[in-house]
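The following paragraphs lead through a protein model, beginning with one strand pairing and moving outward to other elements. Please keep the sequence and coordinates at hand while reading.

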Amino acid sequence: MRRKPLFPPPADPQTGRTKRNKGRQDFTVLTINGRVHLWRRRWYSPGEGTTAPLDPWLDAAEGTISLGVREMACRLNGDGKNFDKAAANLGRTAQVRLSGETLRVLVEAEGKRVLQAQRSGQLEVDWSASDCRTEAGKNKGKTARPLPPRKTGADQRYKEFKIVAYYDEEQKHRLVCGTRGDHTVAGRLMRREAARIRLDLADEKVGNVDGSPWIRNEVQRQSLPIDALGLDFYHLKENAQKARREIYGEDDEAGQQWLSDLLHVFKHEGYDKAWESLLGWRAGLRRGKRKAADRLLNYVGERREMIRYPEFVEKGWQIGSGPTEATCKTLTARLKGSGMRWDADNAEALMALEALTQSGQWEVYWQTQLRPTG
C-alpha cells in the first residue's frame, strides 16, 4: 500500500493547482557550529515561478554564511588589525574557517547593510532626549574635530569623515554616526539623528564644536533645536598654543605665563576682556611676530558668538568635547592601522559597524537580521 506523503505538494494560491516538483537542491551553510549540509525541494507554478517553502528563512536570514558567523566575524574584525588576522582568530576560537579575503567581503557587506538600516530608520532607538536627566537636566549634541594631515588611500583620494554624537551628561544614552559626505550631508545627518531621539524634548541642549564654520552654518540651516553652541575649549587652547610657540618658542616661561593668563581670562571673564588683552599684547610685539598674533586674532574673532565660557561655566555646562574626541578615535581606529588603505565606501561601512557598538545598538541590529523577508 502506497504511503501518503508526509508533506503533500503545495498548491498555487492563485489557481489552486498543485505545483510541479522541480527536484531537490543541495547546498551548504557555514554556521558557528561548522558547515551544515542541507537540501530542500523546489516547486514551480506559472504564477510564482520556482520556490521552496523555507526560502524566506534560509535565503534571507542565513544565505550561505549564517547570521551567527556574520556577527562573530564583525566582532573579531572590530578589535583586529587586519582581515587575515581576524580570520585566523575566527578559526582558532570558533573553528570557523574563512580566508581573510572572504572575511573582508563579508564584513564590508555587513557594514553597508548597517548603513542602509540606519538611513531607512530600521534601527530603533530605545531612548529619547526626555529620558536624559542629570542634576541640571543637561543634554549634549556635538560634532567632531578635524582629521589629521592628508593621506592617500586605496582609491587615491583624501578621505574626510564627519562624525556626529548625541549624548547626555552622564553618557548613559549615546547615539553615534558618521558620514563621508560633505557638510550638507552631515547637516542632514545631524537633523535626522536629532529627530530620532526627540532632541527638542531636552530641557537644555548644548553643542561643543571644533569651530569649523560649516558646523555653525548647518546647525542654523537645519534648524536644530540647540540652546547654545560653544567653541570647544581644547581647540581654542590649541590655536593659542601655536601662537605661543611661534612668538616665544617652546620652553619660554614668559610664553607659558602669557598662555595661562589668556586662557584664564577667556574662561572666567569672557570674550570682550580677552579680546582687549589680545589687542594690547599684539601692539607690543615686534613687526616680524605679528603675523602669528594676527592668525590667532582672526581665529578668535571669527568665532566670537561661540566663545561663551563664563556663561557655560555658570550654568554648569561642559566647555570641552572630550567624549566626542574619544568617539572620533574609537570610531576610526580600525581604519588607521599602519599601511592600511581603504576605498571610501568600505571605510564608511566599517565605521558604521563600530557606530553600532558606540550607540548601544549592536544587539538591536542583529535582531532585525533574524526577521525573514518576503
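Strand β5 pairs with strand β6 (residues 174-179) in the antiparallel sense over 6 bridges; two strands count as paired if DSSP finds at least two bridges between them. Helices (H or I, at least four residues) and strands (E, at least two) are DSSP runs, numbered from the N terminus. The model is predicted, so local features require pLDDT of at least 70 and side-chain atom pairs count only at pLDDT 80 or more, while totals for chains, interfaces and linings use all residues. Residues are numbered from 1 along each chain as its sequence is written, and side-chain values use heavy atoms, with hydrogens and water left out.

Within this pairing, Y166 stands opposite L175 in β6. The hairpin of β5 and β6 has 5 residues between the strands, and Q171 there takes a positive phi near 60 degrees. As for the strand itself, 7 of the 7 residues of β5 are buried, so β5 is largely enclosed by the rest of the structure. Buried means under 20% relative accessible area, exposed means over 50%, and partly exposed lies in between (1.4 Å probe, protein chains only). In a regular strand the side chains alternate between the two faces of the sheet. In β5, K162, V164, Y166 and D168 lie on one side and I163, A165 and Y167 on the other, and both faces are covered.

The loop between β4 (138-143) and β5 (162-168) contains K159. This lysine, K159, counts as buried because its relative accessible area is 16%. The C-alpha atoms of K159 and E348 are 9.9 Å apart, although 189 residues separate the two along the chain.

A second lysine to consider is K19, in the segment before β1 (20-31). With a relative accessible area of 9%, K19 is also buried. Neighbours within four places in sequence left aside, K19 is in contact (heavy atoms within 4.5 Å) with P9, P10, A11, D12, W43, Y44, S45, E48 and T51.

Strand β7 offers another enclosed element: 6 of its 6 residues are buried, so β7 is largely surrounded by the rest of the structure. E204, V206 and N208 point one way from β7, and K205, G207 and V209 point the other way. Strand β8 (residues 228-231) runs parallel to β7 and is joined to β7 by 4 bridges. One such partnership links V206 with A228 in β8. Between the two strands the chain passes through helix α6 (residues 213-221), giving a right-handed β-α-β crossover; right-handed here means that, with the strands pointing away from the viewer, the path from the first strand over the helix to the second runs clockwise.

Two loop residues merit attention for their backbone angles. Most residues other than glycine have a negative phi, and most peptide bonds are trans. R198, in the loop between α5 (183-196) and β7 (204-209), has a positive phi of about 55 degrees although it is not a glycine. R198 counts as partly exposed because its relative accessibility is 38%. Q95, in the loop between α3 (83-94) and α4 (100-120), likewise is not a glycine and has a positive phi of about 60 degrees.

Which residues of α9 are buried? They are Y271, A274, L278 and W281. These cover an arc of only 90 degrees around the axis, which puts them on the same side of α9; the arc is that of the directions from the helix axis to the C-beta atoms. On the other side of α9, E276 and A283 are exposed. The buried residues of α9 pack against α7 (233-248), α8 (253-268) and α10 (290-302).

Nonpolar side chains tend to be buried together in soluble globular proteins. A nonpolar core is taken here as a set of buried Ala, Val, Leu, Ile, Met, Phe, Trp, Tyr and Cys residues joined through side-chain atoms within 4.5 Å. The largest such core has 47 residues, and F266, L278, L296 and V300 have the most contacts inside it. A second, separate core of 38 residues includes L90, A94, V107 and L115.

For the protein as a whole, there are 14 helices and 8 strands, and buried residues make up 46% of the 374 residues.
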